[in-house]
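Let's take a walk through this one together, starting at a turn and working outward. Keep the viewer open as you read.

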Amino acid sequence: MVKLPYCNTPIEVTYEPESEFHYSDAGFCVIQLLIEDTMSKPFSVLTDELIFKPLNMTNSIFSTNIPTFNTAHLACGHDLNGALILGKYSIYPYLAACGIWTTPNDLAKLLLDIMNAVKRQSKIDLTATQINELFRPQGCKEWTGLGVFLDGADEKLELSSLGWGVGFQCMLVAYPYLEKGMIMMTNTDTGVHQMKGIMGEIYHSLS
């Protein structure tokens, strides 16, 4: 059982490890705490020092508050009928799980560095071992990687990540060995899974 300063209820293991798969924000909260305890720095500071600054991701930050930089450029959330979400922005307390503020252009810089790491050309010093772990199935399902979902194999390997928030949706898909990928973000919650909406249509037209 783990208690976190930003979570009201303790995080407990309820299934035997590797016996089942569940999408888990709580798991990333534990990982965040482990990183902070090991590095003796806040998670937001570490990601800025180790990822955002080296990759010139100037519009990215991990924060539990509305970012104070470029506030005029923040997209406001909308519901499936196009109505503005009350408060415009959704604030989540779990940094590693859902606390990133970024843009498609910035996220593409990280995705390109992951692809370059395959060729041992990473600007943030991602190693071949780390990349192999990222692309390798983890746990009890062959389609679960480290923070990403997997499909295909070898040069046709596909990795993907989907994001939901009140008034927002996003989707990242990449083929690292083919050096291709796409990132989509909307400031509307369509009310359906990404693959069943316009993002899915774009995905199928490009893939």
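**From a hairpin to the core**

Start with the hairpin that strand 5 and strand 6 form, which has four residues between the two strands. In that turn, glutamate 179 has a positive phi of about 60 degrees. Bear in mind that what you're looking at is a predicted model.

Now follow the two arms of the hairpin. Strand 5 covers residues 168–175 and strand 6 covers residues 180–186, and they pair in the antiparallel sense over seven bridges. Two cross-strand partners help you get the register: tyrosine 175 stands opposite lysine 180 in strand 6, and leucine 172 stands opposite isoleucine 183 in strand 6.

Zoom out a bit and the hairpin turns out to be part of an open sheet of four strands, in the order 3-4-5-6 with antiparallel pairing. Strand 3 and strand 6 sit at the edges, each pairing on one side only. If you fit axes to the strands, neighbours in this sheet are turned by 15 degrees against each other on average, direction ignored.

Back to leucine 172, since it links the sheet to what comes next. What does leucine 172 touch, leaving aside residues up to four places away in sequence? The list is Leu107, Leu111, Leu159, Ser160, Ser161, Met182 and Ile183. Some of those names come back when you look at the largest nonpolar core, which has 15 residues. The residues with the most contacts inside this core are Leu111, Ile131, Leu134, Phe135, Leu159 and Leu172. Helix 4 (104–118), helix 5 (128–135) and strand 5 are the elements that give two or more residues to the core. Helix 4 gives the most, with five residues.

Finally, two loop residues deserve a look if you like checking backbone torsions. Asparagine 56 has a phi near 55 degrees, a positive value in a residue other than glycine. You'll find asparagine 56 in the loop between helix 2 (43–52) and strand 1 (61–62). With a relative accessible area of 47%, asparagine 56 is partly exposed.

Aspartate 154 also has a positive phi, about 55 degrees, although it is not a glycine. Its place is the loop between strand 3 (149–151) and strand 4 (158–165), which brings you back to the four-stranded sheet with its 3-4-5-6 order. Is aspartate 154 buried or exposed? Its relative accessibility is 59%, so aspartate 154 counts as exposed, the cut-off being over 50%.

Technical notes. Residues are numbered from 1 along each chain as its sequence is written. This is a predicted model: local features need pLDDT of at least 70, side-chain atom pairs count only at pLDDT 80 or more; totals for chains, interfaces and linings use all residues. Side-chain values use heavy atoms; hydrogens and water are left out. Buried means under 20% relative accessible area, exposed over 50%, partly exposed in between (1.4 Å probe, protein chains only). Two strands pair if DSSP finds at least two bridges between them. A nonpolar core is a set of buried Ala, Val, Leu, Ile, Met, Phe, Trp, Tyr and Cys residues joined through side-chain atoms within 4.5 Å. Contact means heavy atoms within 4.5 Å. Axes are lines fitted to C-alpha atoms, for helices over the stretch in contact, and angles run from 0 to 180 degrees between N-to-C directions.
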